[in-house]
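Trainee: Could we go through this structure together, one question at a time?

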Amino acid sequence: MKKSINLALQGGGAHGAFTWGVLDRILEDDRIEISAISGTSAGALNGAALKSGLLDGGADGAKAKLDWLWGEIGASDQSHLQSWMKGVSPGVVSHAVEASPFYQALDMYSRVASPYNLGLLYSNPLRPIVEQLNFDEVCAIDGPELFVCATNVRSGKIRIFGREDTDTDAILASGCLPTIFKAVEIYDPKTDRVEAYWDGGFMGNPALFPLFEPELPSDLVIVNINPLHREEIPRKATEIHNRINEISFNGSLFRELRAIQFVHDLIDSGKLTRGSMKDVLVHMIADDDLMTQLSVATKSIPTPYVLTELKDAGRKAAHGFLDAHFKDLGQKSTVDLRAMFE
């Protein structure tokens, strides 16, 4: 008997290749059915490719579409590198990229100038990739529900794009870091005006509340990219800025997880009748040990070796989760939310 789950896919730039690996492994398990996906930034890209591929060719089609996506972003056949790079930590490569003159120049430019300064030279490198997605499939009634999160620049409010309005611009808006990309402008029928949008991670990384609808399953599997905990205190400027971004982008996730725990407590205490509110079962697939080794540089500069290593790590993390917790799906949460907040 299949078990149905919802997926919540975090953003994290090119480190979203970890989620590629997680999804690749989940798609190999025919005991699991994906009912809905909420994604931000790279999570939105992964979610759109996953849904399009599922409708095009089932699990194999989804795996192929994800491989295509990350091949376009920068992954490639690394067989010629594996022989001499085997065993090299992705963290070592990531920090080497951070120390490169190219990244240092890019980082310095982003701190003193705006993408609007580029004028006619500006282009979003993700647009030609996203435009190749089949949005008839991405927005189809069939297959998993897909929710894409972006942040309204003027109001600071979250906007969720669904079946009716997800398109190239919605995906680009979800991953629009304002120091790198111009705000993406999209018409909003609620305000009856064109609104500007930045990265959804400011308000939902990813947004969980769209997955609370009663018709969706109770199991919520969060694929976490941004480390929740770092033992080492950041001291370099880039490390400080990176940790600030991690904390702010994880803040919305923590708030929604606290709300889930609050409902759990009310139900357990009898103050809420079981069934009167959705009792969400929370699970998480992550590899904080790996993610804390990586620098911020390989989030914005896709590096083939790091991408393939992240995919492998995602597959291993998903395999470990399924081995340990498949039996718990539909039965209980495998994340101790109370311990997380204490």
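What follows is a set of short questions and answers on a predicted model.

Trainee: How many salt bridges does a search of the whole structure find?
Mentor: A pair counts when a side-chain nitrogen of Lys or Arg lies within 4 Å of a carboxyl oxygen of Asp or Glu. The search of the whole structure gives 18.

Trainee: Which residue forms a salt bridge with Asp-24?
Mentor: Asp-24 sits in helix α1 (residues 17-26). Its partner is in helix α12 (residues 304-325), 291 residues apart from Asp-24. The closest N and O atoms of the pair are 2.5 Å apart, and the partner is Arg-315.

Trainee: Is Asp-24 buried or exposed?
Mentor: Buried means under 20% relative accessible area. Asp-24 has 4%, so Asp-24 counts as buried.

Trainee: And which residues are linked with Asp-24 in a network of salt bridges?
Mentor: We have just met one of them, Arg-315. The network links Asp-24 with Glu-28, Lys-63 and Arg-315.

Trainee: How far apart in sequence are the parts that Glu-98 and Lys-236 tie together?
Mentor: Glu-98 and Lys-236 form a salt bridge, with the closest N and O atoms 3.9 Å apart. Glu-98 lies in helix α4 (residues 90-99), while Lys-236 lies in the loop between β7 (219-223) and α9 (237-268). So the pair ties together parts that are separated in sequence by 138 residues.

Trainee: Is Lys-236 buried, exposed or partly exposed?
Mentor: Partly exposed covers the range between under 20% and over 50%. Lys-236 has a relative accessible area of 42%, so Lys-236 is partly exposed.

Trainee: Where is Ser-41 found?
Mentor: Ser-41 is buried, at 13% relative accessibility. Ser-41 touches Gly-11, Ser-174, Gly-175 and Asp-199, leaving aside residues up to four places away in sequence. Its place is the loop between β2 (32-39) and α2 (42-73).

Trainee: How far apart in space are Ser-41 and Pro-206?
Mentor: In sequence, Ser-41 and Pro-206 are 165 residues apart. In space, C-alpha to C-alpha, the distance is 8.7 Å.

Trainee: Which residues form a nonpolar patch on the surface?
Mentor: One of them is Trp-198, in strand β6 (residues 193-199). Trp-198 is partly exposed, at 31% relative accessible area. Together the patch residues have about 420 Å² of accessible area. They are Val-153, Leu-177, Ile-180, Trp-198, Phe-202 and Met-203.

Methods. Residues are numbered from 1 along each chain as its sequence is written. This is a predicted model: local features need pLDDT of at least 70, side-chain atom pairs count only at pLDDT 80 or more; totals for chains, interfaces and linings use all residues. Side-chain values use heavy atoms; hydrogens and water are left out. Helices (H or I, at least four residues) and strands (E, at least two) are DSSP runs, numbered from the N terminus. Buried means under 20% relative accessible area, exposed over 50%, partly exposed in between (1.4 Å probe, protein chains only). Contact means heavy atoms within 4.5 Å. Patches are made of residues with over 30% relative accessible area and no salt bridge: like charges are joined within 9 Å, nonpolar side chains (Val, Leu, Ile, Met, Phe, Trp, Tyr) within 5 Å. Accessible areas come from the Shrake-Rupley method with a 1.4 Å probe; for residues, only the protein chains shown count as cover.
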